[in-house]
Amino acid sequence: MLLTAVVFAAVTAKLPATFVPPPILMYHRVDTVRPADRLGRSLTLDPARLDQQLSLLKARGLAAISMEDLYRRLLAGRPLDRVVVATFDDGYADQYRYAVPILRRYGATATFYIVTGNVGRRGHLDWTSLARMAREGMDIAAHGVAHDDLSLMTAKQQRAQVEGSVNVLRVRLGVRVDSYAYPSGRFNRTTLALLREARVPLAVTTDRLYVLPPENSLEIPRVRVRSEWTPAQFWQALSRARAAASVVLASI
């Protein structure tokens with residue numbers, strides 16, 4: 001009970017009334033073996049390519065940070081013009097094997113969005129690895145109990161997904177859970193209300209298609225990183241995201 005109280009106290013600070021988020025990168029798998037299917041190949045980044053992208057960011061004077069770091073910067077009123085947020089979805093085991101060492105090499109952090117019902121399953125992170133990642137400064141955040149479309153669920157079903165994933169991470173790992181990633185980017189106004197109840201200040205979708213007006217801090221689009229991108233294409237995608245960024249309202 002004390003741990004839960006401390007965590008909730010940590011997420012009650014107020015965001016600025018409005019802000020413009022930096023580009024938020026969305027990664028999935030990081031592995032030397034590429035799947036046979038087209039979508040799997042596109043979403044599986046070779047570790048050398050991730051290293052190349054982080055090297056490019058560093059050379060351009062940009063820091064790769066997590067959503068937790070973004071939240072702290074917003075609370076402190078620090079500038080966001082020289083940062084890019086890195087996020088990894090679904091909690092694959094290869095993220096710990098390959099992505100985390102590369103992030104550490106560049107002094108970077110990232111958010112790992114975990115489907116809590118998959119923790120410990122074959123090919124996915126287990127609780128020991130997640131605890132170690134959190135101790136090493138990585139941000140562990142919620143992606144649902146299952147990777148299911150929230151917009152098709154009843155309010156009761158959505159509550160089970162949101163509260164179930166957020167609470168188990170807070171209690172099991174002692175982490176804050178400053179953000180949530182909607183599976184497949186889909187949500188509705190009920191989802192937003194449930195995240196406010198859970199005291200989650202930030203949430204991300206996959207692209208602007210799913211944003212509900214007025215755009216707020218619980219519906220921030222991301223840049224889906226493709227494995228086939230060249231460094232120039234990666235930089236162009238970042239530049240487009242920064243140019244297209246719009247003002248969002250604080251939700252909590």
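Start your tour at the largest pocket, whose lining is made up of 12 nonpolar, two polar and eight charged residues. Keep in mind as you click around that this is a predicted model.

**Stop one: the largest pocket**

If your viewer can fill in empty space, expect a volume of about 410 Å³ here. To get to the middle of the largest pocket, select Arg-208, Pro-221, Arg-222, Val-223 and Ala-241, the closest to its centre among the 22 residues that line it.

Next, colour helix H9, which runs over 231-244, and strand E11, at 223-224; each of them gives at least two residues to this lining. Which element supplies the largest share of the lining? That's H9, with five residues.

**Stop two: the second largest pocket**

Now move over to the second largest pocket, with a volume of about 160 Å³. Select Glu-68, Ala-134, Met-138, Asp-139 and Val-175: of the 14 residues lining this pocket, these lie nearest its centre. To see where the wall comes from, show helix H4 (67-76), helix H6 (127-135) and strand E8 (139-142), the elements that each contribute two or more residues to the lining.

Stay on H4 for a moment, as this helix gives the largest share of the second pocket's lining, three residues. Before you leave, colour the lining by residue class: you'll find six nonpolar, one polar and seven charged residues around the second largest pocket.

**One last look**

Want to flip back and forth between the two stops? Keep H9 selected for the largest pocket and H4 for the second largest.

Note on methods: Residues numbered from 1 in each chain as written. Predicted model: local features only at pLDDT ≥ 70, side-chain atom pairs only at ≥ 80, totals over all residues. Heavy atoms only, no water. 1 Å grid on protein atoms, 1.4 Å probe; cavity = no way out; pocket = protein on both sides within 12 Å on 5 of 7 lines; lining within 4 Å. Points joined across faces, edges and corners; volume = space filled by probe spheres on them. Helix = DSSP H or I, 4+ residues; strand = E, 2+ residues; numbered from the N terminus. Nonpolar A, V, L, I, M, F, W, Y, C, P; charged D, E, K, R; others polar.
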